[in-house]
Amino acid sequence: MTPPVRAAAGATPLPRMVVATLVADGIAPFEFGVLCEVFGLDRSDDGGPAFDHRIVTETPGTIRTNQGFGITVELGLEAAAEADVICVPALWNYGMAGGLSDAVRTLLVEAEARGAWLISVCSGAFVLAEAGVLDGRRSTTHWRYSDRLQSEFPATEVDADVLFVEDRRVITSAGTAAGIDACLHFVRRVHGAAAANVIARRMVVPAHRDGGQSQFIERPMPTEVETSLAPLTDWMLAHLDRDLPVEALAARAHMSPRTFARRFKAELGTTPGAWLTSQRLLRSQQLLESTNLGLDAIADEVGFGSAAVLRHHFGRVLGTTPRAYRAAFACPADAPQLELA
């Protein structure tokens, strides 16, 4: 995917993306709140994006949450007819129970056909699956429902061991906090790393957790601070330009390579190599946005070694080129530089 072009300094601002969040009886308040927090607040004064966020439902009125209280929704599905993004929070009575209406199904199918983004949080994946937009795509959902999603909708390939999946403008995410990761991933894809960092700082959450990270972290809180790999990962981030083979990292952690790899996966939910690649790619995005360094210099600074390797990872993960990314997201020369998280 080629990122959208950012308006030059002094130019007429580009239209805000229209983001429609589809709700119905049984929505989970937290997952719904995540979408409102990311897309419903104007953070342009801080250098972040602003969206035209609309809450829509098939029959406007009072919508009951799964916690027993209601919310009033004034907009019908027509407000989402031309949306750039349609989001589906966890909807416990909608899709999970089967039976999408023709109107909702048509809304989602037509959105996919015109190239809009679709984002689901937790069990919202069932709504996308029932509409047929997950057919032929990879997807995920909360680990409790992954087997059911795969069984009921065999045309999608369900990955139960990741935080979120992006497949051709359709993003599905696991439960609760993984929805935050998926939304920040979307912002990073369309507005750049610095914009996603603005939102993350305001929400006081990590700016980036790789989508391939496991839903299961075996040791989320080490019993002793001394056993945590946090000091090592901090050191790795400060030395991304170095060659960091597992053997050297294991030695620094005073472990055998096998023990180190097992501990790293248990604590961070991914392998050392995958974690390093993710962090190097994120740092590359930041440098492309905030500096005029050439591709070889950036590749050297982040540890990719060459512009060719940098281009390879951009194409594989982001579906674009470093030059196209810089053209879309580089800060104007006269603009204040954002603090990079």
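**Entry 1. The sheet**

Before looking at strand pairing, I note the criterion: two strands pair if DSSP finds at least two bridges between them. The model I am reading is a predicted one.

I looked up strand 1 (residues 18-22) and strand 5 (residues 85-88), and found them running parallel and joined by 3 bridges. Within this pair, alanine 20 stands opposite isoleucine 86 of strand 5.

I then traced the whole sheet. It is open, has 6 strands in the order 2-1-5-6-10-9, and its pairing is mixed. Strand 2 (52-56) and strand 9 (164-167) each have a single partner strand and stand at the edges, so one side of each is left without a neighbour in the sheet. From one strand to the next, I recorded an average twist of 15 degrees.

I next asked which helix packs on the sheet and touches strand 5, strand 6 (117-121), strand 9 and strand 10 (170-173). The entry is helix 5 (residues 177-191), whose direction makes about 155 degrees with that of strand 10.

**Entry 2. Nonpolar cores**

I recall that in soluble globular proteins nonpolar side chains tend to be buried together. In this model I found that the largest nonpolar core has 37 residues. Val56, Ile86, Leu108, Leu118, Leu128 and Leu149 have the most contacts inside this core. At least two core residues each come from strand 1, strand 4 (70-73), strand 5, helix 2 (102-113) and helix 3 (125-131). Helix 3 gives the largest share, 6 residues.

I examined leucine 108 in particular. With its neighbours within four places in sequence left aside, leucine 108 is in contact with Ile86, Leu118, Val127, Leu128, Ala131 and Val133. Apart from this core I noted another, of 32 residues, which includes Val19, Leu35, Ile119 and Leu184.

**Entry 3. Helix 7**

Which residues of helix 7 (residues 230-238) are buried? I listed Leu232, Thr233, Trp235 and Met236. Seen down the axis of helix 7, the buried residues fall within an arc of 155 degrees, so they line one face of the helix. On the face turned away from that buried side I found the exposed residues Pro231 and Ala238. The cover over the buried residues of helix 7 includes helix 8 (246-252), helix 9 (257-268) and helix 10.

**Entry 4. Salt bridges**

My search of the whole structure gave 10 salt bridges. I looked at three pairs, given below.

The side chains of aspartate 159 and arginine 138 meet at 3.2 Å, N to O. This pair links distant parts of the chain, 21 residues apart: aspartate 159 lies in the loop between strand 8 (157-158) and strand 9, and arginine 138 lies in strand 7 (residues 138-139). Aspartate 159 is partly exposed, at 23% relative accessible area, and arginine 138 is partly exposed at 34%.

Arginine 168 forms a salt bridge with aspartate 167, with the closest N and O atoms 2.8 Å apart. Is each partner buried or exposed? Arginine 168 is exposed, with a relative accessible area of 51%, whereas aspartate 167 is buried, at 15%.

Glutamate 301 and arginine 283 also meet through their side chains in a salt bridge, at 3.9 Å, N to O. Here too the pair links distant parts of the chain, glutamate 301 being in helix 11 (residues 295-302) and arginine 283 in helix 10 (residues 272-290), 18 residues apart. I recorded glutamate 301 as partly exposed, with 37% relative accessible area, and arginine 283 as partly exposed at 27%.

Terms used. Residues are numbered from 1 along each chain as its sequence is written. This is a predicted model: local features need pLDDT of at least 70, side-chain atom pairs count only at pLDDT 80 or more; totals for chains, interfaces and linings use all residues. Side-chain values use heavy atoms; hydrogens and water are left out. Helices (H or I, at least four residues) and strands (E, at least two) are DSSP runs, numbered from the N terminus. Axes are lines fitted to C-alpha atoms, for helices over the stretch in contact, and angles run from 0 to 180 degrees between N-to-C directions. Contact means heavy atoms within 4.5 Å. A salt bridge is a side-chain nitrogen of Lys or Arg within 4 Å of a carboxyl oxygen of Asp or Glu. Buried means under 20% relative accessible area, exposed over 50%, partly exposed in between (1.4 Å probe, protein chains only). A nonpolar core is a set of buried Ala, Val, Leu, Ile, Met, Phe, Trp, Tyr and Cys residues joined through side-chain atoms within 4.5 Å. The arc is that of the directions from the helix axis to the C-beta atoms.
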